[in-house]
Amino acid sequence: DDPVAAAVEPRNDRLLGGLLSPDFDDSSCLSRYRAGLYRRQSPHAVSPHLVASLRRYESIHRRCGPGTSAYERAVERLRSPPPSNTSDAECRYLVWTPLEGLGNRMLTLTSAFLYALLTDRVLLFHHPAGEGLRDLFCEPFPGSTWTLPEGDFPFSGMQGFNARTRESLGNALRRGEGAAKDHPPPPPPWMYVHLRHDYNRNANDPRFFCDDGQDALRRVGWVVLLSDNYFVPGLFLVPRFERALSRMLPRRDAAFHHLGRYLLHPSNTVWGMVARYHASYMACADERVGIQVRSFYWARISTDELYGQIMSCAHGENILPRVTQQGPNFTAAGDQPQPAARPGRRKAVLVVSLHGEYYERIRDMYYEHGAAGGDAVSVFQPTHLGGQRSEERMHNQKALAEMMLLSFSDVALTSAASTFGYVSHGLAGLRPWVLMVPVRKKAPNPPCRLAATVEPCFHTPPHYDCQARTKGDNGKTVRHVRHCEDLKDGVQLV
Ligand code: GDP
């Protein structure tokens, strides 16, 4: 059984303040009601309006999801669209399809879910063959499934859609479709929303974040979305969503924290890795420090230089103790025969990276030298997989397990602009210390900053002014959306 769940006083927030539905069988998804027990209590309250919206969504999904007669009718409408004078579809859908690494996928899925909540669409998860997504997440909606049944969907190759796809929203708007207000033509049976990183190069795809783009989509039965961006901040730019969003998420800076904890529950296979690793290495620590080291081709820096940056941040911000330079130190907490002047604290440091060097160096440092202040510092790294292989199931399971383990940290030190890091500290509800991107291959000064918000950064915002219909600076359009600190062109909720 799960030792942490058994040891922790049963908190009365098993459902995370009403965020989670009580209607699930515990054993089908152990992480759903347990992950919260491994984390510090969330400082962010869940609004009653969000709770009501989630329960409402669940009932729509139950009524319209795969396996229901409404779903069969919707698929039929897609195969043979009805004549133009028939009434609107009873259920409408949003099909999400995976793109890029796991962090990107989790952030786009969460963004898609918020969009589905706002527009009463049913979110469906497309698992293309060979994408390594099986046995990764639990079903999030009670009494239903979010998996798009294979073969049901009359068009294949969704992953290859791009800005030139004829059915895209941008192309429909360019052709002037959806513009007629008085006698609008029947909506097409489906549309594609192109929000991949290159979407803001043309003038029309960014109009997804404007009222007129939303008008064009409103009556369309099936919307297929492709994105590698956390576009939640973009939804806050759409005037018509403003009121609903301010009620659901009055603390904008906790948007991903709430929605991610609602939606993203690791499967029992992944949870097994998480719980075993935690019990073996982390559970008995007094403090858990998570360090996530990610390197990007566009931000080159040598291993020595990045290691120096990590340590100068960790020491400078009192995240890790400095070491004493004289040889063996008999005041360390592990040295029982001669009790230390003050009992040392046990700090468990979880290093998460594709590479092993940073972990090895930090571990060696506390092996070779004592920690000033007498703390006992233990350093662990679950894997160092070398490279990104997002199409392999086991690889993704390990990546997800590590994101979860990181999300149990008391203090987080992460790499700038990493969606992997965003997910971890977002779930934790923790503002991390962020290692700023290198300047001419050197660590910048200061080496890190405490993030302004727990929210992920929307790396490629539309930068479009809906009213003026020209380029615009979305870091200055609405009050709660500001430029990110870790990636200047991006925007985030504050
Ligand atoms: P980003 O590239 O940092 O924004 O994060 P993504 O999660 O989108 O893509 C990186 C992918 O590389 C992850 O999904 C993993 O597959 C892999 N990866 C990167 N860093 C780590 C790590 O620290 N641990 C593990 N297990 N995988 C990692």
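In the predicted model, Leu427 touches Gly260, Arg261 and Ser407, residues up to four places away in sequence being left out of account. Leu427 belongs to helix H15, which spans residues 419-428. With 24 other C-beta atoms within 10 Å, Leu427 is buried, because the threshold for that class is 20 or more. The C-alpha atoms of Leu427 and Leu406 are separated by 9.4 Å, and these two residues stand 21 positions apart along the chain.

The protein chain is divided into two domains, domain 1 covering 39-263 and domain 2 covering 268-456. A distance of 35 Å separates the C-alpha centres of domain 1 and domain 2. Contact between them involves 26 residues of domain 1 and 28 residues of domain 2. On the side of domain 1 that touches domain 2, the elements contributing two or more residues are helix H5 (102-119) and helix H10 (255-263). The composition of that side by class is 10 nonpolar, nine polar and seven charged residues.

One open sheet consists of four strands in the order S2-S1-S4-S3, and the pairing is parallel. Strand S2 (121-125) and S3 occupy the edges; each has a single partner strand, so one side of each is left without a neighbour in the sheet. Averaged over neighbouring strands and with direction ignored, the turn of one strand against the next in this sheet is 25°.

The pairings within this sheet can be described strand by strand. S1 and S2 are joined in the parallel sense over five bridges, and Tyr93 has Val122 in S2 as its bridge partner. Strand S1 (residues 92-97) is also linked to S4 by five bridges, and these two strands run parallel. In S4, Leu225 is the bridge partner of Trp96. Strand S3 (residues 190-195) runs parallel to S4 as well, with six bridges between them; here Leu195 is partnered by Ser227 in S4. S3, helix H7 (residues 211-218) and S4 together make a β-α-β unit that is right-handed.

Strand S4 (residues 222-227) is mostly covered, and six of its six residues are buried. This burial extends to both faces of S4. On one side lie Trp222, Val224 and Leu226, and on the other Val223, Leu225 and Ser227. Leu225 and Ser227, which are buried on the latter side, are the bridge partners of Trp96 and Leu195, respectively.

A further open sheet contains six strands, arranged as S7-S6-S5-S8-S9-S10, with mixed pairing. Its edge strands are strand S7 (376-380) and strand S10 (448-450), each of which pairs on one side only. From one strand to the next, the twist averages 20°. Strand S6 (residues 346-353) pairs with S7 in the parallel sense over five bridges, and Ala348 stands opposite Ser378 in S7. Helix H12 (residues 303-316) lies across four strands, namely strand S5 (287-293), strand S8 (411-415), strand S9 (433-435) and S10. The angle at which H12 runs to S9 is about 155°.

Several loop residues show notable backbone geometry. Asn445 and Pro446 are joined by a cis peptide bond, with omega at about 0°. Pro446 is located in the loop between S9 and S10. Asp120 has a phi near 55°, a positive value in a residue other than glycine, and is placed in the loop between H5 and S2. Asp120 counts as exposed because it has 12 C-beta neighbours inside 10 Å, and the exposed class includes residues with 12 or fewer. A positive phi is likewise found for Asn318, another residue other than glycine, at a value near 60°. Asn318 lies in the loop between H12 and S6 and is exposed, with 9 other C-beta atoms within 10 Å.

How values were computed:
Residues are numbered from 1 along each chain as its sequence is written. This is a predicted model: local features need pLDDT of at least 70, side-chain atom pairs count only at pLDDT 80 or more; totals for chains, interfaces and linings use all residues. Two strands pair if DSSP finds at least two bridges between them. Axes are lines fitted to C-alpha atoms, for helices over the stretch in contact, and angles run from 0 to 180 degrees between N-to-C directions. Two residues are in contact if their C-beta atoms, placed from the backbone, lie within 7 Å. Domain bounds come from an automatic or database domain assignment. Ala, Val, Leu, Ile, Met, Phe, Trp, Tyr, Cys and Pro count as nonpolar, Asp, Glu, Lys and Arg as charged, and the others, Gly among them, as polar. A crossover is right-handed if, with the strands pointing away from the viewer, the path from the first strand over the helix to the second runs clockwise.
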